Amino acid sequence: MLSLATAVLGLPLVLVFYFLWTFLLLLFRQARSPLRHLPGPPSASLFMGNLQDLHDQENTGLVARWASTYGSAFVYRGFMGGHRLMLVDPVAVNYVMNRGYDYPKPDFVRDSLASMAAGYEGLLTAEGEMHRRQNQAFSAAQAKSFTPIFWEKAIRDPSTKTEDADPEPATSNALSPSALTTSFLPNPFSSFVPSKASPPFPSTVKSRLAALPTIESASAPCRLDVLPWLARATLDVIGAAGFGYAFNSLEAAAERRESESELARAFAVIFSTARKFRVMTVLQVWFPVLRNFRTENAAMRQATASMRKIGTELIEQRREPVLAETEKVAHASEKPDAIEGDRTVLGRDLLSVLIRSNVAEVPTQRMSMNEILCQISTFLAAGHETSSSSLTWTLYALSRNPAIQAKLRTELRSLPVPTGLAMDTASPTPPTVDNTDPQAAAFFERIMHLPYLDAVVRESLRLYAPITTTMRVAGADDVIPVGAPLADRHGHACPHIRVRQGDIISIPIQALNKNTDVWGPDAETFNPERWARAETDAEERARRAAVQGLWGNLMTFGGGNPVNGNRSCIGYRFALSEIKIFLYVLVRDLEFSIDPSIEIEKKVNVLTRPSVKSEPHRGNQMPLYIRRVSPLVDDGCAGVRI
Ligand code: HEM
């Protein structure tokens, strides 16, 4: 009896002691952090530090302003005034980003990614040895092998049936530049990309298309919220290219019904739950013991179970053929490359590629079933809205810059679509592109190398990096080098930055991409010409070379040049091909514009999404005007002739 009473009374005391002790340790730790010597803005709030101000920094340019006042490495305040290091100095950024295993993601970032990517064993969340084992970027050949899928989805007319789609027959004659319209469908995850601005949906996509006037005509163009529709298109892409799964969100939307895909629904629940702000999440950052009390509501539990069930089925479907193929290859004299491999029974998806390379590894290097399972939700979390966000912002930039858009269209139109890629949308069979067709492969390759398209994509990914900030934590006490000497709070020169184990570091990707020291005084301007300029201007090239990003001297896809591992994007080639193919298909035959009186703001919640400043109640949206441009008289293309 006595011991029960002691336990009942003692437990709260132990808890109070634990929280107080942890809290005091944290305060003590902060008070000793070497970061406290660095200059930085005053804390705006005792509890939230500067976090509230930073929330809107993509619109206010706050980081750049702070950097001009306090230098290229400064300290801002996190929860309860904790010192956090913000790095704008390229040398320091390269140092941290290229040491992925010495500077891992902080626990609270991993936790929030894990809730989106359904676990800690996927590439986004794994650390140390597990990450090392999994980390295989998709090769250029593999990325190439997905281009037919991008094309198929970009030109897709949802009224054309596939075996997975609704069995109702296609209703009318061919939809011509089906390209555009197929992408413009409601977002399957409207719960996490709230968009209430979409106009009433017509009964078929065709009727929407039919309403699109040509540029020559005086009639008003259609106003469409492109954001949710592009999200639907890229979801279908990652389903097909990622793991051979048909979300059919385009078809579902064309028929004005909810997606029937169990996986789409499961992911929507997981993603929307993960993005909700909870006080408990904040407390878990401070008091790790609370992480043991993570609760999942019934919907989340069910969604995770569905995801695991479908994932297991998808893996099982591939395992046998992969083993058989590996066996065959082991006995064959010639080994197939990635594209050759895709001619086989395995299909063309990333999951097949993953399983194939996994089987080939020595047993100790292989991923567990759970790890492979985690990659499915990882591909969904990492590879779907990043691409649709990029496409949305690119169309926005082109709408704001009609001359650039016209120049791009001229280039796109100079490259005719081969007859072999004809799209007969009246056909009852889906227009699958033959993955081994050399003519199609050459055409896709030419799209990838169109110089102005490349410059537009680079410029858009520079100014509108979908992931605006990433974070790291110092795994051990260290000294971070800097490009230019710093002055501490007391004016003393610092040749480097001292960090203590556990110090949090922010890498402001978008602010870095707009750094005037690197990109010049017009860094804020959308100017694709700057990419051609760098080819002739050695000084400009040298300035940019200071940033060792994975791609294009940008941090958009994370760091390159790993010294001790990096956590850069494994899907960047995939994303670039996808974006270029979609832009080719969309911009070639459509003109995009925007109401000049509308002010678009960036809203950051994991990714950067657009919102109309005067309509915050409508959530994320990108309303653009769209109309067809006059048809090409004879472009040799049966597929996109208007
Ligand atoms: C425009 C599109 C994309 C952008 C801008 C982008 C950007 C990034 C960035 C910045 C990171 C590093 C995050 C950090 O260090 O905190 C990252 C990681 C990652 N990305 Fe992407 N990404 C894109 C598309 C994709 C696609 C299409 C896929 C998959 C098919 C993908 C898969 C991943 C994965 C698995 C990681 C984690 C890598 C690791 O931690 O080792 N991404 N991405």
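**An enclosed helix, a ligand shell and their surroundings**

Thr147, Pro148, Ile149, Phe150, Trp151, Glu152, Lys153 and Ala154 are the buried residues of helix 9. That makes eight of the eight residues in helix 9, which spans 147–154, so the rest of the structure largely encloses this helix. The structure discussed here is a predicted model.

Next comes the ligand. Around the ligand sit 23 residues, and the closest of them are Gly383, Thr386, Thr470, Cys569 and Gly571. Four elements each give two or more residues to this shell: helix 19 (369–383), helix 20 (385–400), strand 9 (554–559) and helix 28 (572–589). Helix 19 supplies the largest share, with four residues. As for chemical character, the shell splits into eleven nonpolar residues, eleven polar ones and just one that is charged.

Strand 9, one of the elements that contribute to the ligand shell, is itself mostly covered, with six of its six residues buried. Its partner is strand 8 (residues 549–551), and the two pair in the antiparallel sense over two bridges. Within this pairing, Gly549 stands opposite Gly559 of strand 9. Strand 8 and strand 9 form a hairpin with two residues between the strands, and in this hairpin Gly552 takes a positive phi near 60°.

Helix 20, another contributor to the ligand shell, also meets a sheet. This helix lies across strand 10 and strand 13, and it runs at about 80° to strand 10. The sheet in question is an open one, made of three strands in the order 3-13-10 with antiparallel pairing. At its edges stand strand 3 (222–225) and strand 10 (590–593); each has a single partner strand, so one side of each has no neighbour in the sheet. On average, and with direction ignored, neighbouring strands here are turned by 35° against each other. Strand 10 and strand 13 (residues 623–628) are joined over four bridges in the antiparallel sense, and Phe592 stands opposite Ile626 of strand 13.

Turning to helix packing, two packed helices are described by the angle between their axes and the distance between the axes. For helix 23 (residues 451–463) and helix 26 (residues 529–536), the axes come within 7 Å and cross at roughly 105°. The two helices are therefore roughly perpendicular to each other. On the helix 23 side, the contact is made by Ala455, Arg458 and Glu459, while helix 26 brings in Arg530, Trp531 and Ala532. These contact residues divide into three nonpolar and three charged, with no polar ones.

Finally, there is Asp477, found in the loop between strand 4 (470–473) and strand 5 (478–487). Is this residue buried or exposed? Asp477 has 12 other C-beta atoms within 10 Å, and a residue with 12 or fewer counts as exposed, so Asp477 is exposed. Leaving aside residues up to four places away in sequence, Asp477 touches Val499, Arg500 and Gln501. Ala233 lies 244 residues from Asp477 along the chain, and 45 Å separates their C-alpha atoms.

Conventions: Residues numbered from 1 in each chain as written. Predicted model: local features only at pLDDT ≥ 70, side-chain atom pairs only at ≥ 80, totals over all residues. Near = placed C-beta within 6 Å. Nonpolar A, V, L, I, M, F, W, Y, C, P; charged D, E, K, R; others polar. Buried ≥ 20, exposed ≤ 12 C-beta atoms within 10 Å, placed from the backbone. Contact = placed C-beta atoms within 7 Å. Pairing = 2+ DSSP bridges. Axes fitted to C-alpha atoms, helices over the stretch in contact; angles between N-to-C directions. Parallel < 35°, antiparallel > 145°, perpendicular 65-115°, else oblique.
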